[in-house]
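This report describes the ligand site and the pockets of one protein model. Please keep the sequence and the structure in view while reading.

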Amino acid sequence: MSGAPQDQENSTDRSVEHWDRVYATKAESTLGWYEADFSTTLNFLGEVPIAGKRIFLAGVGLSGVARKLAERGGKVILNDLSRVAIEKLIARDHLDDFAAELAVGDLGSIDEEPRIATCDVWLDRAVLHFIYEDANLAAYFKRVRASVALGGYAMFAEFAPGGATKCSNLPTKQYSPADLAERLGSDFSLVRAQETEYVTPGGNVRPYTFALFHRVRVT
Ligand SMILES: C[S@@+](CC[C@H](N)C(=O)[O-])C[C@H]1O[C@@H](n2cnc3c(N)ncnc32)[C@H](O)[C@@H]1O
């Protein structure tokens, strides 16, 4: 990003500080995206092959979904801006036992890093909707297109239109399945989509768009 004052407000460094502070100071069960079980995501993945596949977990935070997918034989690749979160997650869920790979960094970064290795499944729950500027969004979807193998899948669970405009004191975007399809381009075909309601620990109802895409060509 350039050095303009409003860019500095949104810069990666500030985001890293923000998320590191969240994960260093807040109890997990109070976080506005906390879930104790992961059946909504796992059920939505449905028939997507996991065993032996490379599963990229965008902005995984402290999500126990990483361990669930590793137990199913997935080779998990852990991404987050926050190293604090990743280290806590690995220690708590013993992910070293599963030879989890790390890819720490900002998925919206317009720099070359982080480079994301090829994966068979890209899974993003509540990460993309924080990426705000067009250039950062373009960089995020460039990474998706560069990483997801032909025949692989990309799954998103993001705030739905009419849903939350803020989370963790940060502004958020909202996505319909069509918005995601447009961003992904014609190399990805929509398998299914649905709107679900997530209730935060504070009792707020948050509509989410869940959408699963199949990589049908590489252009
Ligand atoms: C709302 S939390 C969701 C965490 C996890 N996916 C879940 O479902 O529990 C958003 C996560 O995305 C991470 N994050 C935010 N912006 C990011 C970015 N640009 N690149 C990578 N991770 C990011 C945050 O550190 C945080 O862990």
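The text below covers the ligand and its surroundings, then the pockets, then two backbone features.

The model is predicted. The ligand has 19 residues around it, and those that come nearest are Tyr23, Gly59, Asp80, Asp106 and Arg125. By class, the shell around the ligand is made up of ten nonpolar, six polar and three charged residues.

Polar atoms of the protein lie at short range from nitrogen atoms of the ligand at the residues in this table.

| Residue | Protein atom | Ligand atom | Distance |
|---|---|---|---|
| Leucine 81 | backbone N or O | nitrogen | 3.3 Å |
| Aspartate 106 | polar side-chain atom | nitrogen | 2.7 Å |
| Leucine 107 | backbone N or O | nitrogen | 3.0 Å |

On its own, the ligand has 590 Å² of accessible area, and the protein covers 95% of this. Aspartate 106 thus appears twice in the description of the site: among the residues that come nearest the ligand, and with a polar side-chain atom 2.7 Å from a ligand nitrogen atom. For leucine 81 and leucine 107, the atom in question belongs to the backbone.

Which pocket does the ligand take up? The ligand occupies the largest pocket. The volume of the largest pocket is about 1100 Å³. Its lining consists of 50 residues, and Trp19, Leu81, Val127, Phe130 and Leu170 lie nearest the centre. Leu81 is therefore a residue to look at from two sides, as its backbone also supplies an N or O atom 3.3 Å from a ligand nitrogen atom.

Several elements contribute to the lining of the largest pocket. At least two residues each come from helix 2 (12–25), strand 1 (54–58), strand 4 (119–125) and strand 7 (170–171). Helix 2 gives the most, with eight residues. Sorted by class, the lining of the largest pocket holds 24 nonpolar, 15 polar and eleven charged residues.

The second largest pocket has a volume of about 270 Å³. Among the residues that line the second largest pocket are Ser109, Asp111, Glu112, Pro114, Arg115, Lys142 and Arg143. Its lining divides into five nonpolar, two polar and five charged residues.

Pro114, one of the residues lining the second largest pocket, also takes part in a cis peptide bond. This bond joins glutamate 113 and proline 114, with omega about -5°. Proline 114 is located in the loop between strand 3 (101–102) and strand 4, and strand 4 supplies at least two residues to the lining of the largest pocket.

The other backbone feature is at histidine 94, a residue other than glycine with a positive phi, near 50°. Histidine 94 sits in the loop between helix 5 (83–93) and strand 3.

Key: Residues are numbered from 1 along each chain as its sequence is written. This is a predicted model: local features need pLDDT of at least 70, side-chain atom pairs count only at pLDDT 80 or more; totals for chains, interfaces and linings use all residues. Side-chain values use heavy atoms; hydrogens and water are left out. A residue is near a molecule or strand if one of its heavy atoms lies within 4 Å of it. A polar contact is a pair of N or O atoms within 3.5 Å; within protein, one must be able to donate a hydrogen and the other to accept it, and residues adjacent in sequence count only if both atoms are side-chain atoms. Accessible areas come from the Shrake-Rupley method with a 1.4 Å probe; for residues, only the protein chains shown count as cover. On a 1 Å grid over the protein atoms alone, a cavity is a set of points where a 1.4 Å probe fits but cannot get out, and a pocket is an open set with protein on both sides within 12 Å along at least five of seven lines; lining residues have an atom within 4 Å of a point. A molecule sits in a cavity or pocket if more than half of its atoms lie within 2 Å of its grid points. Ala, Val, Leu, Ile, Met, Phe, Trp, Tyr, Cys and Pro count as nonpolar, Asp, Glu, Lys and Arg as charged, and the others, Gly among them, as polar. Grid points are joined across faces, edges and corners, and a volume is the space filled by probe spheres set on the points. Helices (H or I, at least four residues) and strands (E, at least two) are DSSP runs, numbered from the N terminus.
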